[in-house]
Each structure stands twice: as structure tokens, then as C-alpha cells.
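Trainee: I should like a close look at a single part of this model, the sheet regions and the helices that rest on them. Would you please take me through that part in one connected account?

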Amino acid sequence: MPASVAGMAHQVQVTFDAADPARLAEFWALALGYVAQPPPAGFDSWERFAERIGVPPERAGDLAAVIDPDGAGPRIFLQRVPEGKTAKNRVHLDIQLTGGDRGEDAWRRVTEHVATLVAAGARRLWEVDEPTGRAIVLADPEGNEFCVT
């Protein structure tokens, strides 16, 4: 039996290592229809919060997060790391726009969103059209692969 709290599934946060957390957070907010996570209650900015908890000014931009404004999707957390991406992702996100619909209107939504993401810094890698599904595979501005279906 899976572990749960009070009969509910556990919440999930997706964490990305990043060279520029703020830039990557902006990209993923656009890609997912998310918004920047507001600072904790009582603070007018993340910078003020960072000062309050003793984060050195040179480290204040090391973290960023975006959230689903409806509260349904997982929080996306981005943390600065010194090394760049060196290998293919073992896990990736699928942005699902079609709900399995293989019609022309559904595919148009995919290609329009892909064009928006490419304009925001993504790279189009390849397209997949198989009996199990159709998707466009992209890389975000720091090279993390993901699919738009």
C-alpha cells in the first residue's frame, strides 16, 4: 500500500538545476501558464525575505520558483548550480495541450505554443508522430528537454 498522509497523495515539487534561475523561472512560467511565486507573508519581495533570513546579497538570486495560479500543478523550483547540463534528462516534463485529441485544431495549439516557446529561448529538437502519441520535443534555454503534446 502506498504511503500517504490522511489518505491523500503527497505533493510534488519539480526542481531544476540552473545557471540563471530567474531567467529559467520566467521561461517555465510562460511554458506552463504559471506565475512567479509571491514572497512569504509579511515581505514585499524575495530580496527582503532573503535579507531577513541572512542570505548574503551575492546569493540572493540563487533560487526562484513558479507556481500554478490555480494550485493544481506542482511548484517548479529552480536552484543555481555551478556546472552546466552535461547529459540527456532522465526525467522530463510533458506539456499536454491536446488531451489526446489528434485533430488539426489540437495540433495547431501545440505548434502555436511551440512557436511561443522558441521565441522565448527554447530550441526545437524533433517531432514524434507515432501510434502512441504525437509531440514536439524541445530544449529549454538551458538545454533541459521537454515535450509539447
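Mentor: Strand β1 (residues 13-18) and strand β4 (residues 75-80) pair in the parallel sense, with 6 bridges between them. Please bear in mind throughout that this is a predicted model. Within that pairing, Thr15 stands opposite Phe77 of β4. The side chains of β1 alternate: Val14, Phe16 and Ala18 point to one face and are buried, whereas Gln13, Thr15 and Asp17 point to the other face and are not buried. This is the general pattern of a regular strand, in which side chains alternate between the two faces of the sheet.

The strand β1 falls within a stretch that UniProt, in an unreviewed entry, lists as "domain: Glyoxalase-like", residues 13-149. Over residues 13-149 the chain is 26% helix and 30% strand, and the end C-alpha atoms lie 21 Å apart.

Next comes helix α1, residues 21-32. Its 12 residues, at 1.5 Å a residue, should span 16 Å, and the end C-alpha atoms are indeed 16 Å apart, so expectation and model agree. The buried residues of α1 are Pro21, Leu24, Ala25, Phe27, Trp28, Ala29 and Ala31. Just after α1, Gly33 takes a positive phi of about 75°. Two of the buried residues of α1, Phe27 and Trp28, belong to one aromatic cluster together with Phe16 and Phe146. Phe16 is also among the buried residues of β1.

We may now turn to the sheet that α1 meets. An open sheet of 4 strands has the order β5-β8-β7-β6, with mixed pairing. Its edge strands are β5 (93-95) and β6 (123-130), each of which pairs on one side only. Neighbouring strands of this sheet are turned by 25° against each other on average, direction ignored. β5 and strand β8 (residues 145-148) pair in the parallel sense over 3 bridges, and Ile95 stands opposite Val148 in β8. Helix α1 lies across β5 and β8, running at about 45° to β5. Helix α3 also packs on the sheet, where it touches β5, β6, β7 (133-139) and β8, and its direction makes about 5° with that of β7.

The loop between β7 and β8 holds Asn144. With a relative accessible area of 11%, Asn144 is buried, because the cut-off for burial is under 20%. Leaving aside neighbours within four places in sequence, Asn144 is in contact with Phe16, Leu24, Lys85, Asn89, Leu138 and Ala139. Among these contacts, Phe16 is a residue of β1 and Leu24 is a buried residue of α1.

Helix α3 (residues 104-119) deserves its own inspection through Trp107, which is found in it. Trp107 has a relative accessible area of 13% and is therefore buried. Not counting residues up to four places away in sequence, Trp107 touches Glu127, Arg134, Ala135 and Ile136. For one of these, Arg134, the separation from Trp107 is 27 residues in sequence and 8.8 Å in space, C-alpha to C-alpha. Ala106 also has its place in helix α3, and at 1% relative accessibility it counts as buried. Apart from neighbours within four places in sequence, Ala106 is in contact with Thr98 and Asp101. By contrast, Ala106 and Ala9 are 97 residues apart in sequence and 31 Å apart in space, C-alpha to C-alpha.

A last point concerns aromatic rings beyond the cluster. The count of aromatic pairs comes to 6. One of them joins Phe43 and Phe49 edge-to-face, at 5.2 Å centre to centre and 85° between the planes. Trp46 and Phe49 form another edge-to-face pair, at 5.7 Å centre to centre and 90° between the planes. Because Trp46 and Phe49 are 3 residues apart in helix α2 (residues 46-52), about one helical turn separates them. In general, an α-helix has 3.6 residues a turn, so residues three or four places apart point the same way. As to accessibility, Phe43 is partly exposed at 23%, Phe49 is partly exposed at 23%, and Trp46 is partly exposed at 35%.

Notes
Residues numbered from 1 in each chain as written. Predicted model: local features only at pLDDT ≥ 70, side-chain atom pairs only at ≥ 80, totals over all residues. Heavy atoms only, no water. UniProt positions renumbered as here; feature names shortened; annotations may be inferred. Buried < 20%, exposed > 50% of the residue type's maximum accessible area, 1.4 Å probe, protein only. Contact = heavy atoms within 4.5 Å. Expected span 1.5 Å × (residues − 1). Pairing = 2+ DSSP bridges. Axes fitted to C-alpha atoms, helices over the stretch in contact; angles between N-to-C directions. Phe/Tyr/Trp six-rings, centres within 6.5 Å; stacked < 30°, edge-to-face > 60°.
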